[in-house]
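Could you walk me through this model in my viewer, one selection at a time? I would like to know what to click on next and what I will find there.

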Amino acid sequence: MERNSVSPLYAAIDLGSNSFHMWIVREVNGSVQTLAKIKRKVRLAAGLNSQNVLSEEAMQRGLDCLALFAERLQDIKADHIRIVGTAALRTAVNAEEFLSKAKMILGYPVNIIPGEEEARIIYQGVAHTSGGSDKRLVVDIGGASTEVIIGEGFDSSALTSLKIGCVTWLERYFKDRSLTSANFDAAINGAKEAIEPIIDRYTALGWESCVGASGTVQALQEIMLAQGMDEIITLQKLKRLQRQAMQYERLEDLDIEGLTLERALVFPSGLSILIALFESLKIESMTLAGGALREGMVYEMMDQMRHHDVCTRTIESVQQRFQIDTEHADIVNDMAMSMLSQCPNWQLEPQAQNILEAAVKLHEIGASIEFKKSAEHAAYLIKHLDLPGFTRAQRNLLAEILRRYTGPLTSLPEQHALSAQSAARLLRLLRIAVIVCHRRDTRCLAPFSLQVDGEKITLLLPAKWLINNPLTRSELHQEATRQTDMGWPMVVTSQD
């Protein structure tokens, strides 16, 4: 237990209507490090009958799972453990029977949280793990309930828990396991009836972006990426996946590329609910959130993690972990941002500046492993690190930019975080900023100006400075040749 006082462990257990999850983490350098994720498909909601009595079989499946979880809880302090039950246990009229047995097994009580409280915690999980401070709509499709939230920053303004879920909709509309148009239509229309009471309020509040925080959304994104689509979920793509599902007669035959066997059973019901949400709330697009209920539970137990900008916290944590020279990173970042400010006609996407800042502040991460192949090491680390606040596509773009931040220049591969043009522009500015700042001292920096004409960059530096810094001058001219050879014109010239 001495170890826990230095780097304390935390456990969040979510007794969901479809699956039971346990997440064990520790705090490291201001970030959360996952030590274990244990999941069991319990399908508790499937054990509810028409009188909302939970069957003995379903209870036993849940208790057997908790017996596995109990072993890991022995090493964690009581005030670092949080266990919650959600929609299925809220609904079950005999929930107390299950809860008393669960407490005996775990040694801790299970807190059945109301739907609005579940929605609030989900939003905190999203806010702490997903970048952006804009007003967002958050959707979490669970086994027996769907939470719909509007919030901004860390504050939620609308919290709703709807009694629709992928397990209950499976039992209600796909009980015969037939993937017919009639079953899909019934499931979609049934979900729309449940959504209808919140439409006016949510439409009036409005939102700027939409994120999905459920296993259904994650499964959809995995399918789309496996099929060569980008990570943005749209109604058109959902309808396409519905048509793919309906090519199979029965649920047991479902074999869509990218769909895992684990998710196949509840895929049609979850898809139907998501289609209903898109159509009812007129959602244009959705991305996958970085976290949800379990993440919200853990972050609320960690006082030091609360209400800090997610992307900033992530970058600072990685800098500490890999002993990056933060003073130099700030120098290069100031240079890159100054250059970016002189490119007003480029009209980059809103998230482009955040991606450039992350690339600049982490560009030397690979040097912690080896200098010679530091760019390759940087790309590998960024691609495989857990980076709360950055989507999968953004993380992949960061990795590919850092793979090319120095040395020979090659074009970026196809990616889905920014337009190809914007991504190339960020890479160009990063490379120039790294070269100009290579002496690692603000006193050695030259006053400069940057002119852009379409894709042509002209870097103007004082003539005397260029004479006094022959190595930098040589590297800048070499860089200009490399960018120009790529079809990205660049000129380095002197100014009096």
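Start by selecting Thr 472 and showing what surrounds it. Beyond its neighbours within four places in sequence, Thr 472 is in contact with Ile 435, Val 436, His 438 and Trp 465. Keep in mind along the way that this is a predicted model. Thr 472 sits in helix 21, which covers residues 470-485. Is Thr 472 buried or exposed? Its relative accessible area is 2%, under the 20% cut-off, so Thr 472 counts as buried.

Now widen the selection to the whole of helix 21. This helix lies across strand 12 and strand 13, and runs at about 150° to strand 13. Those strands lead us to the next stop.

Colour the sheet with the strand order 11-12-13: it is an open sheet of three strands with mixed pairing. Which strands stand at the edges? They are strand 11 (449-453) and strand 13 (490-495); each has a single partner strand, so one side of each is left without a neighbour in the sheet. On average, neighbouring strands here are turned by 25° against each other, direction ignored. Zoom in on strand 11 and strand 12 (residues 456-462), and you will find antiparallel pairing over five bridges. To see one of the pairings, pick Gln 451, whose bridge partner in strand 12 is Thr 458.

Next, select residues 420-436, which form helix 19. Of its 17 residues, 15 are buried, so helix 19 is largely enclosed by the rest of the structure. You can also check its length in the viewer: at 1.5 Å a residue the helix should span 24 Å, and its end C-alpha atoms are 25 Å apart, which agrees.

Step back to the loop between helix 18 (392-403) and helix 19, and select Thr 406 there. Thr 406 is partly exposed, at a relative accessible area of 39%. Leaving aside neighbours within four places in sequence, Thr 406 is in contact with Ala 375 and Arg 431. If you draw a C-alpha to C-alpha line from Thr 406 to Ser 341, it spans 22 Å, for two residues 65 apart in sequence.

For another buried residue, go to His 328 in helix 15 (residues 326-341). His 328 counts as buried, with 5% relative accessibility. Set aside residues up to four places away in sequence, and His 328 touches His 363, Glu 364, Cys 437 and Arg 440.

Time to look at the nonpolar interior. In soluble globular proteins, nonpolar side chains tend to be buried together. Here the largest nonpolar core has 85 residues, and Phe 98, Phe 267 and Leu 277 have the most contacts inside it. Helix 12 (residues 267-281) supplies the largest share of this core, nine residues. Apart from that core lies another, of 67 residues, including Ile 331, Val 332, Leu 362 and Ala 424. Back in the largest core, click on Leu 277: not counting residues up to four places away in sequence, Leu 277 touches Val 139, Ile 141, Thr 146, Val 148, Ile 195, Lys 282 and Ile 283.

For the last stop, show helix 5 (residues 115-129) with helix 13 (residues 293-301): their axes come within 7 Å and cross at roughly 80°. That crossing makes helix 5 roughly perpendicular to helix 13. To display the contact, select residues including Ile 121, Ile 122 and His 128 of helix 5, and Leu 293, Met 297 and Tyr 299 of helix 13.

Key
Residues numbered from 1 in each chain as written. Predicted model: local features only at pLDDT ≥ 70, side-chain atom pairs only at ≥ 80, totals over all residues. Heavy atoms only, no water. Helix = DSSP H or I, 4+ residues; strand = E, 2+ residues; numbered from the N terminus. Buried < 20%, exposed > 50% of the residue type's maximum accessible area, 1.4 Å probe, protein only. Contact = heavy atoms within 4.5 Å. Core = buried A, V, L, I, M, F, W, Y, C linked by side-chain atoms within 4.5 Å. Expected span 1.5 Å × (residues − 1). Pairing = 2+ DSSP bridges. Axes fitted to C-alpha atoms, helices over the stretch in contact; angles between N-to-C directions. Parallel < 35°, antiparallel > 145°, perpendicular 65-115°, else oblique.
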